[in-house]
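Student: Could we go through this structure together, one question at a time, so that I can learn how to reason from what I see?

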Amino acid sequence: MGVEVAVEGLTKSFGSQRIWQDVTLTLPAGEVSALLGPSGTGKSVFLKSLIGLLRPEQGSIVIDGTDILQCSSKELYEIRKLFGVLFQDGALFGSMNLYDNVAFPLREHTKKSESDIRKIVMDKLELVGLLGAEDKLPGEISGGMRKRAGLARALVLDPQIILVDEPDSGLDPVRTTYISQTLIDINAEIDATILIVSHNINLARTVPDNIGMLFRRELVMFGPREVLLTSDEPVVKQFLNGTMIGPIGMSEEKDEAQMAHEQALVDAGHHAGGVDDVEGIVPQMQATPGMPERQAVGRRHERVRQILHTLPESAQTAILQSYDQEEAAHVAAAVPAGYDVREDDTQVIPVYREEFDQQYGQK
Ligand SMILES: Nc1ncnc2c1ncn2[C@@H]1O[C@H](COP(=O)(O)OP(=O)(O)OP(=O)(O)O)[C@@H](O)[C@H]1O
Ligand SMILES: [Mg+2]
């Protein structure tokens, strides 16, 4: 099972420029989390800090019992082996073909034979839909293909922690969904801890178990998806609905006067963009049928139930409703051939179809 990453009081500056401060969050082991935020809020800087490529000046990052800001470089080297990282730009070696790029971590960190390496590399290239392109150089393929090659390379050591920076940038919507599905399936299969950095609203709403939001040098919120998707926090609400109305502006900060002006425009009938007609808890992407069930979902539900009483009443209702719907869909999907589903107020029960017909009459 994946490893928990516990970040506490983390602060990072470059010279006099403060990027973010006092960031505290825990990526729960074996769950998928997403870090959102407008461009330039330091999402990539955060990701690079987690693997020790950048050094925050304050706070701690504890992975598998080790604070990577305090440990020796030898310990850091060992901890890094737990990670698979897809950088925002793919970060492939320009002079190596895709095969050698993907094989690189295996040759560097393992003693596997070339024939074993070949099996793994081809397997991962197939997973990301790049079979047949292994001889190409990074400069000869599209941005989206480079991204997918980067993902293949990130997965090659079967990492327990997977960090993915903007998996959707440079990808069309269909391929973005494929990549999301791949990440969900990997989580189902090996229970890896995954952090996705993104500003794609669709991905944020449908993929992760937990969502965090960076804004104005702070972590505004971090928690289970149910909690953020029902949140009234203005920044979170605006971002998850992709509208212009709210505190986030083109140049990041807006003043009161501008917010009032924009609200007046909307009140007068101007469309503020975004997808606010589908607010609330949208269904989460599931593992491909045939894959093991995602253990993360049950663990997350359990955590949410424990804090449910602290949430606003409307959120509690929406969350419980979404659980009922999930449960109903789950039972319906598991109904064997020849069976039907009987639904009452509280539960959905598979019944044998003949019995169903006898009880409720032919449909
Ligand atoms: N190595 C560096 N040295 C100095 N400043 C840096 C460095 N890396 C990033 N920054 C600055 O940190 C800030 C945050 O950058 P970062 O790339 O983390 O943003 P981001 O949230 O990932 O944005 P995007 O969504 O556009 O990818 C920017 O102002 C950037 O200029
Ligand atoms: Mg970035």
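Student: In which strand is confidence lowest, and in which is it highest?
Tutor: This is a predicted model, and its mean pLDDT over the chain is 85, with 82% of the residues reaching 70 or more. Confidence falls to its lowest, a mean of 57, in strand 12 (residues 252-253), while the highest value, 97, belongs to strand 1 (residues 5-14). The lowest is therefore strand 12 and the highest strand 1.

Student: In what order do the strands of the six-stranded open sheet lie?
Tutor: Strands of a sheet pair through backbone hydrogen bonds, either parallel or antiparallel. In this open sheet of six strands the pairing is mixed, and the edges, where a strand pairs on one side only, are strand 6 (83-86) and strand 10 (218-224). Neighbouring strands are turned by 15 degrees against each other on average, direction ignored. Read across the sheet, the order is 6-7-8-3-9-10.

Student: Which residue of strand 8 is the bridge partner of Ala 34?
Tutor: Strand 3 (residues 32-36) and strand 8 (residues 193-197) run parallel and are paired over four bridges. The partner of Ala 34 in strand 8 is Ile 196.

Student: Why is strand 8 described as largely enclosed by the rest of the structure?
Tutor: Thr 193, Leu 195 and Val 197 point one way from strand 8, Ile 194 and Ile 196 point the other way, and all of them are buried. Strand 8 is also joined to strand 7 by five parallel bridges, and in that pairing Leu 163 has Leu 195 as its partner. Strand 8 is largely enclosed because the number of its residues that are buried is five of five.

Student: How many residues of strand 9 are buried?
Tutor: From strand 9, Asn 210, Gly 212 and Leu 214 point one way, whereas Ile 211, Met 213 and Phe 215 point the other way, and all are buried. Strand 9 is thus mostly covered, and the count of buried residues is six of six.

Student: Which residue of strand 10 stands opposite Met 213?
Tutor: Met 213 takes part in pairing with strand 3, where it is the bridge partner of Leu 36, and strands 3 and 9 pair in the parallel sense over four bridges. Strand 9 and strand 10, by contrast, pair in the antiparallel sense over six bridges. These two strands form a hairpin with two residues between them, and Arg 216 in the turn has a positive phi of about 50 degrees. Opposite Met 213 in strand 10 stands Met 221.

Student: At about what angle does helix 5 run to strand 6?
Tutor: Helix 5 (residues 143-155) lies across strand 6 and strand 7. Its direction makes an angle with strand 6 of about 175 degrees.

Student: In what order do the strands of the four-stranded open sheet lie?
Tutor: The pairing in this sheet is antiparallel, and its edge strands are strand 2 (17-27) and strand 5 (66-67). Strand 4 (residues 58-63) is joined to strand 5 by two bridges, with Val 62 standing opposite Asp 67. Helix 1 packs on this sheet, where it touches strand 1, strand 2 and strand 4, and its direction makes about 120 degrees with that of strand 1. The order of the strands is 2-1-4-5.

Student: Which helix gives the largest share of the shell around ligand 1?
Tutor: The residues that surround ligand 1 include Phe 14, Gly 42, Lys 43, Ser 44, Val 45, Gln 88 and His 199. The shell divides into three nonpolar, eight polar and one charged residue. Its largest share, three residues, comes from helix 1.

Student: Is Arg 300 buried or exposed?
Tutor: Arg 300 lies in helix 11 (residues 295-307), and it touches Glu 31, Asp 209 and Pro 224, leaving aside residues up to four places away in sequence. Asp 209 is 91 residues away from Arg 300 in sequence, but the two are 7.1 Å apart in space, C-alpha to C-alpha. A residue counts as buried if 20 or more other C-beta atoms lie within 10 Å of its own. Because 23 other C-beta atoms lie within 10 Å, Arg 300 is buried.

Key
Residues are numbered from 1 along each chain as its sequence is written. Chains are lettered from A and ligands numbered from 1 in the order in which they are written. This is a predicted model: local features need pLDDT of at least 70, side-chain atom pairs count only at pLDDT 80 or more; totals for chains, interfaces and linings use all residues. Two strands pair if DSSP finds at least two bridges between them. Axes are lines fitted to C-alpha atoms, for helices over the stretch in contact, and angles run from 0 to 180 degrees between N-to-C directions. Two residues are in contact if their C-beta atoms, placed from the backbone, lie within 7 Å. A residue is buried if 20 or more other C-beta atoms lie within 10 Å of its own, exposed if 12 or fewer, and partly exposed in between; C-beta atoms are placed from the backbone. pLDDT is the predictor's confidence in each residue, from 0 to 100. A residue is near a molecule or strand if its C-beta atom, placed from the backbone, lies within 6 Å of it. Ala, Val, Leu, Ile, Met, Phe, Trp, Tyr, Cys and Pro count as nonpolar, Asp, Glu, Lys and Arg as charged, and the others, Gly among them, as polar.
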